[in-house]
Amino acid sequence: MTDDGLNRNIERLASLIAGASRIVVFTGAGVSTESGIPDFRSPGGIWSRFDPEEFTIYRFLASPETRLKQWKILVESGLIVNARPNGAHLAVAELEKLGKLDCVITQNIDNLHQKAGNDPGRVYELHGTMSHARCLGCQRRYAMAELLDRIRLDEGAPLCPECDGILKPDVIFFGEQLPAEALRHAVDHSRRCDLLIVVGSSLVVYPAAYMPVYAKEAGAAVAIVNLTVTDFDLQADVVIHGKAGEVMPLILEAVKRNLAAAVGNPA
Ligand code: APR
């Protein structure tokens with residue numbers, strides 16, 4: 001994308017944001033790669049190193065060996081490193097502070113939108129979160145940071161420190177239902193928004209990938225900020241191919257200029 005094309009699309013998206021009143025940001029793993037967390041389907045991504053079949057709930061429950069392997073993948077593959085929000089997360093959090101965000105719908109489990117400053121009550125995590133784990137026996141819930149101080153992965157699949165039950169991260173494994181309330185809110189906000197912005201998703205996993213479809217069906221504008229082409233690009237009103245950590249801060253600055261001009265104070 002030429003610089004002129006990039007700048008033109010940044011201004012177009014900023015103008016849509018400035019004029020919208022119910023904005024949804026929909027994120028995938030691509031929003032977190034610049035925080036050091038690999039995505040799934042880019043070259044070198046998680047599914048090029050691990051078999052998705054290992055991540056079904058059936059395999060998790062089937063044996064301590066597969067359970068330990070999944071814990072190790074989640075812990076050691078960087079999905080819960082002490083990652084820090086990048087410029088894209090921070091820009092989305094600032095949109096909320098500007099009153100220009102209805103909610104974030106994310107497929108990510110890294111808690112980085114909340115760390116960046118988004119109100120957790122406005123972040124819908126469709127695929128769960130690695131911030132906590134739950135004992136399938138006594139149902140106790142543990143903060144992952146504290147739990148990792150108490151469990152040793154080299155001693156086998158982690159067990160509940162209180163009852164020795166199976167510990168499961170609060171993530172959604174393949175074969176599991178998505179969290180019903182988060183999904184219901186996500187569909188509702190996608191159907192009621194006037195602008196939905198996709199940031200860093202290949203849009204290939206459903207039902208999450210239906211959100212931009214619902215928005216479009218409801219007459220909303222849809223924008224895509226993604227490193228590579230997605231199947232939804234042709235239906236989007238604005239498409240920006242670039243790195244979210246670089247593009248989103250530029251969009252935020254353009255939004256601020258738009259808002260300042262609207263009240264007669266050119267920035
Ligand atoms: N900036 C913008 N886009 C990026 C960046 C970046 N820095 N890095 C990667 N991308 C893009 C990639 O080009 C890709 O199109 O982000 C997209 C990431 O796509 P996936 O890896 O498929 O991740 P995601 O869309 O979140 O996958 C959805 O699939 O395996 C499941 O549960 C998993 O939640 C995940 C779901």
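A polar contact is a pair of N or O atoms within 3.5 Å. The legends below use this cut-off for the ligand views of a predicted model.

**View 1. Polar contacts between the protein and the ligand in the predicted model.**
Serine 202 places a polar side-chain atom 2.6 Å from an oxygen atom of the ligand, so the pair falls within the 3.5 Å cut-off. Two residues face nitrogen atoms of the ligand. For glutamate 34, a polar side-chain atom is 2.7 Å from a ligand nitrogen. For leucine 227, the atom concerned is a backbone N or O, at 3.0 Å from a ligand nitrogen. On its own the ligand exposes 730 Å², and 95% of that area is buried by the protein.

**View 2. The shell of residues around the ligand.**
The shell holds 23 residues, with Glu34, Arg41, Ser201, Ser202 and Thr228 coming nearest to the ligand. Sorted by class, 12 residues of the shell are polar, seven are nonpolar and four are charged.

**View 3. The largest pocket, which is the space taken by the ligand.**
The volume of this pocket is about 980 Å³. Its lining consists of 48 residues, and those nearest the pocket centre are Ala29, Phe40, Arg41, Gln107 and Asn108. Helix H2 (46–49) and strand S8 (221–226) are the elements that contribute two or more residues to the lining. By class, the lining has 25 nonpolar residues, 16 polar residues and seven charged residues. Arg41 appears in this view as one of the residues nearest the pocket centre, and in View 2 among those that come nearest to the ligand.

**View 4. The cis peptide bond before proline 207.**
The bond that runs from tyrosine 206 to proline 207 is cis, and its omega is near 5 degrees. Proline 207 belongs to the loop that links strand S7 (195–199) with helix H9 (211–217).

**View 5. Backbone of aspartate 164, with positive phi.**
Aspartate 164 has phi near 65 degrees, a positive value in a residue that is not glycine. The residue lies in the loop between helix H7 (144–150) and strand S6 (167–171).

Technical notes
Residues are numbered from 1 along each chain as its sequence is written. This is a predicted model: local features need pLDDT of at least 70, side-chain atom pairs count only at pLDDT 80 or more; totals for chains, interfaces and linings use all residues. Side-chain values use heavy atoms; hydrogens and water are left out. On a 1 Å grid over the protein atoms alone, a cavity is a set of points where a 1.4 Å probe fits but cannot get out, and a pocket is an open set with protein on both sides within 12 Å along at least five of seven lines; lining residues have an atom within 4 Å of a point. Grid points are joined across faces, edges and corners, and a volume is the space filled by probe spheres set on the points. Helices (H or I, at least four residues) and strands (E, at least two) are DSSP runs, numbered from the N terminus. Ala, Val, Leu, Ile, Met, Phe, Trp, Tyr, Cys and Pro count as nonpolar, Asp, Glu, Lys and Arg as charged, and the others, Gly among them, as polar. A residue is near a molecule or strand if one of its heavy atoms lies within 4 Å of it. A polar contact is a pair of N or O atoms within 3.5 Å; within protein, one must be able to donate a hydrogen and the other to accept it, and residues adjacent in sequence count only if both atoms are side-chain atoms. Accessible areas come from the Shrake-Rupley method with a 1.4 Å probe; for residues, only the protein chains shown count as cover. A molecule sits in a cavity or pocket if more than half of its atoms lie within 2 Å of its grid points.
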